[in-house]
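Reader: I should like a close look at a single part of this model, taken residue by residue. Please then set that part in the context of the rest of the fold.

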Amino acid sequence: MSIAVCPGSYDPITYGHIDVVERALGMFDEVIVAVARNSQKKYLFSADERLKMAQEVMAPLQRVRVEIAEGLIADFAKAHQAAAIVKGLRGAADYDGEQAMSLLNRHLSGIETVFIIGDPNLAHIASSFVKDIAFYGGKIDDLVPGAVASALKEKVRKNAGK
C-alpha cells in the first residue's frame with residue numbers, strides 16, 4: 001500500500017489544498033493530511049482547530065486521514081512509512097520555497113517529494129490571502145468550504161473584540 005503525506009499549516013484549509021489531496025489520491029493508495037505545528041509560525045487557528053476543520057472537510061474523501069504532525073515532516077513521513085511527501089505548487093515562488101525543503105526531507109528520511117501543479121483556477125487562493133480578506137469583511141465563501149468560512153468569520157469577529 002502506497003502512502004503519501006500531504007503536509008501543511010492549513011490555517012485555514014482552502015479549496016486549493018483540497019484539490020491537491022484529491023489529485024494525490026489518484027497516485028497513492030492513502031493520503032495523510034498532516035496538519036503541521038511549526039514553532040516559527042504564528043497561527044490564527046490552534047492546531048486542534050486546524051485538525052478539526054481539515055477532518056470535517058476531508059471526511060467525504062475515501063482513503064484520506066488527517067493527523068497533527070509534531071516535529072519534522074521527514075520524521076512523520078518515515079514513521080508512517082510514506083512513499084512520498086506531496087506538495088502543491090501554485091507557481092515559481094512556491095517551487096523556490098519548496099525545492100530546498102524537499103531536498104532536506106530526502107536527506108533526512110530518504111523520502112522523495114512529489115510536486116502537484118495546482119489547478120490554475122485555484123492558483124490565486126492562499127490561506128494568508130483568505131485570512132486577510134476575512135479580516136476586512138470580504139467574501140471568502142468561494143475560496144474555502146462553508147464550515148471553514150464560518151469558523152474563520154467567527155474567529156475574526158472574536159479577535160476584533162480584543
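**The loop between β1 and α1**

Author: At a relative accessibility of 3%, Tyr10 counts as buried, because the limit for that class is under 20%. The model is a predicted one. Tyr10 belongs to the loop that joins β1 to α1, and its phi is positive, near 50°, although the residue is not glycine. Most residues other than glycine have a negative phi, and most peptide bonds are trans. The loop departs from the second of these tendencies as well: the peptide bond from Asp11 to Pro12 is cis, with omega near 0°. Pro12, too, is located in the loop between β1 and α1.

Ser9 is a further residue of this loop, whose flanking elements are β1 (3-8) and α1 (15-24). With a relative accessibility of 16%, Ser9 is classed as buried. Which residues does Ser9 contact, apart from its neighbours within four places in sequence? They are Val35, Lys41, Tyr43 and Arg50. Two of these partners are themselves linked, for the charged end of Arg50 sits over the ring of Tyr43, at 3.8 Å from the ring centre.

The surroundings of the loop can now be described. Arg50 falls within helix α2, which spans residues 47-58, and Val35 falls within β2, which spans 30-36. Helix α2 lies across β2 and β3, and runs at about 175° to β3. In the loop between α2 and β3 is Arg63, another residue other than glycine with a positive phi, here about 70°. Its accessibility may be set beside that of Tyr10: Arg63 is partly exposed at 44%, whereas Tyr10 is buried at 3%.

The strands belong to an open sheet of five, ordered β3-β2-β1-β4-β5 and paired in parallel. The edges are taken by β3 (64-69) and β5 (112-117); each has a single partner strand, so one side of each lacks a neighbour in the sheet. From one strand to the next, the twist averages 30°. β1, which precedes the loop, stands between β2 and β4 in this order. Towards the β5 edge, β4 (residues 84-89) pairs with β5 over six bridges in the parallel sense, and Gly88 is placed opposite Ile116 in β5.

Aromatic pairs complete the description. A pair of aromatic rings is described by the distance of the centres and the angle of the planes. There are two such pairs in the model. In one, the ring centres of Tyr95 and Phe115 are 5.8 Å apart and the planes stand at 70°; the pair is therefore edge-to-face. Because Tyr95 lies in helix α4 (residues 92-109) and Phe115 in strand β5, this pair ties together parts that are 20 residues apart in sequence. Both residues are partly exposed, Tyr95 with a relative accessible area of 33% and Phe115 with one of 27%. The other pair consists of Phe135 and Tyr136, with centres 4.8 Å apart and planes at 90°, so it too is edge-to-face. Here Phe135, at 53% relative accessibility, counts as exposed, as does Tyr136 at 67%.

Key
Residues numbered from 1 in each chain as written. Predicted model: local features only at pLDDT ≥ 70, side-chain atom pairs only at ≥ 80, totals over all residues. Heavy atoms only, no water. Pairing = 2+ DSSP bridges. Helix = DSSP H or I, 4+ residues; strand = E, 2+ residues; numbered from the N terminus. Axes fitted to C-alpha atoms, helices over the stretch in contact; angles between N-to-C directions. Contact = heavy atoms within 4.5 Å. Phe/Tyr/Trp six-rings, centres within 6.5 Å; stacked < 30°, edge-to-face > 60°. Buried < 20%, exposed > 50% of the residue type's maximum accessible area, 1.4 Å probe, protein only. Lys NZ or Arg CZ within 6 Å of the ring centre and 35° of its normal.
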